[in-house]
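Student: I have just opened this one and would like to understand how its parts get their labels. Could you walk me through it?

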Amino acid sequence: MPRSLSLSQLRTALHRLTLEQARDLQRELSSVIQELEQQTEPLALPPRKGREILQVQRVDDRLYQLERVRCGKPNCKCVGENAELHGPYWYAYWREDGKLKSRYIGKNLAPNSP
Ligand SMILES: [Zn+2]
């Protein structure tokens, strides 16, 4: 058995499907497409623990997010049951050579805003 089918083999197989199989396949295919689309999305950020995203702004191919964060220090106010996260602060995200980069901006997104 070959590990992957050629497109023409796939097409041949498609024409042997029952209606039920075809419907199943359609559902599956649309979720596969969705997954692939998310992978090619330039700034799909992985969900991160201890972060709360309050606001998102997209400017060109950069993403700006207002986040409340957990710093990771063991005895900080941001740890524990009634944790109080730091911030909110703005962070910038972008891709460089396929790698996700981020930069801390601060309390205000625009330098001159109040
Ligand atoms: Zn902290």
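Tutor: Happily! This is a predicted model, and from the N terminus on, the elements of the protein chain run α-α-β-β-β-β. That gives 2 helices and 4 strands.

Student: What makes a stretch count as a strand here?

Tutor: A strand is a DSSP run of E with at least two residues. Strand β2, for example, covers residues 62–69, and strand β3 covers residues 86–96.

Student: How do you know that β2 and β3 pair?

Tutor: Pairing asks for at least two bridges between two strands. β2 and β3 have 6 bridges, in the antiparallel sense, so they count as a pair. Among the partners, Q65 goes with Y91 in β3, E67 goes with Y89, and Y64 stands opposite A92.

Student: Which bridges tie in β1 and β4?

Tutor: β1 joins β2 through 8 bridges, running antiparallel. One residue of β1 to look at is Q57, whose bridge partner in β2 is Y64. At the other end, 7 bridges join β3 to β4, again antiparallel, and R95 stands opposite L100 in β4.

Student: What order do the strands take in the sheet?

Tutor: The order is β1-β2-β3-β4, in an open sheet of 4 strands with antiparallel pairing.

Student: Why are β1 and β4 said to stand at the edges?

Tutor: β1 (51–59) and β4 (99–106) each have a single partner strand, so one side of each is left without a neighbour in the sheet. Neighbouring strands of this sheet are turned by 25° against each other on average, direction ignored.

Student: What lies between the strands of the hairpins?

Tutor: β1 and β2 form a hairpin with 2 residues between them, and D60 in that turn has a positive phi of about 50°. β3 and β4 also form a hairpin with 2 residues between them; there D97 in the turn has a positive phi of about 50°.

Student: Let's pick one residue. Why is E52 called exposed?

Tutor: The label exposed needs 12 or fewer other C-beta atoms within 10 Å. E52 has 12 C-beta neighbours inside 10 Å, so it counts as exposed. E52 lies in strand β1.

Student: What does E52 touch, and how do you know that these are contacts?

Tutor: Contact means that the C-beta atoms of two residues lie within 7 Å. Not counting residues up to four places away in sequence, E52 touches E67, R68 and L85.

Student: How far is E52 from P88?

Tutor: They are 36 residues apart in sequence and 8.7 Å apart in space, C-alpha to C-alpha. P88 is found in strand β3.

Student: What makes the peptide bond from G87 to P88 cis or trans?

Tutor: Look at omega: it is near 10° for the bond from G87 to P88, and the bond is cis.

Student: How many residues of the protein chain count as buried?

Tutor: Buried asks for 20 or more other C-beta atoms within 10 Å. Of the 114 residues of the protein chain, 4% count as buried.

Student: And what share of the contacts join residues at least 24 apart?

Tutor: Among contacts between residues at least 6 apart in sequence, 24% join residues at least 24 apart.

Notes:
Residues are numbered from 1 along each chain as its sequence is written. This is a predicted model: local features need pLDDT of at least 70, side-chain atom pairs count only at pLDDT 80 or more; totals for chains, interfaces and linings use all residues. Axes are lines fitted to C-alpha atoms, for helices over the stretch in contact, and angles run from 0 to 180 degrees between N-to-C directions.
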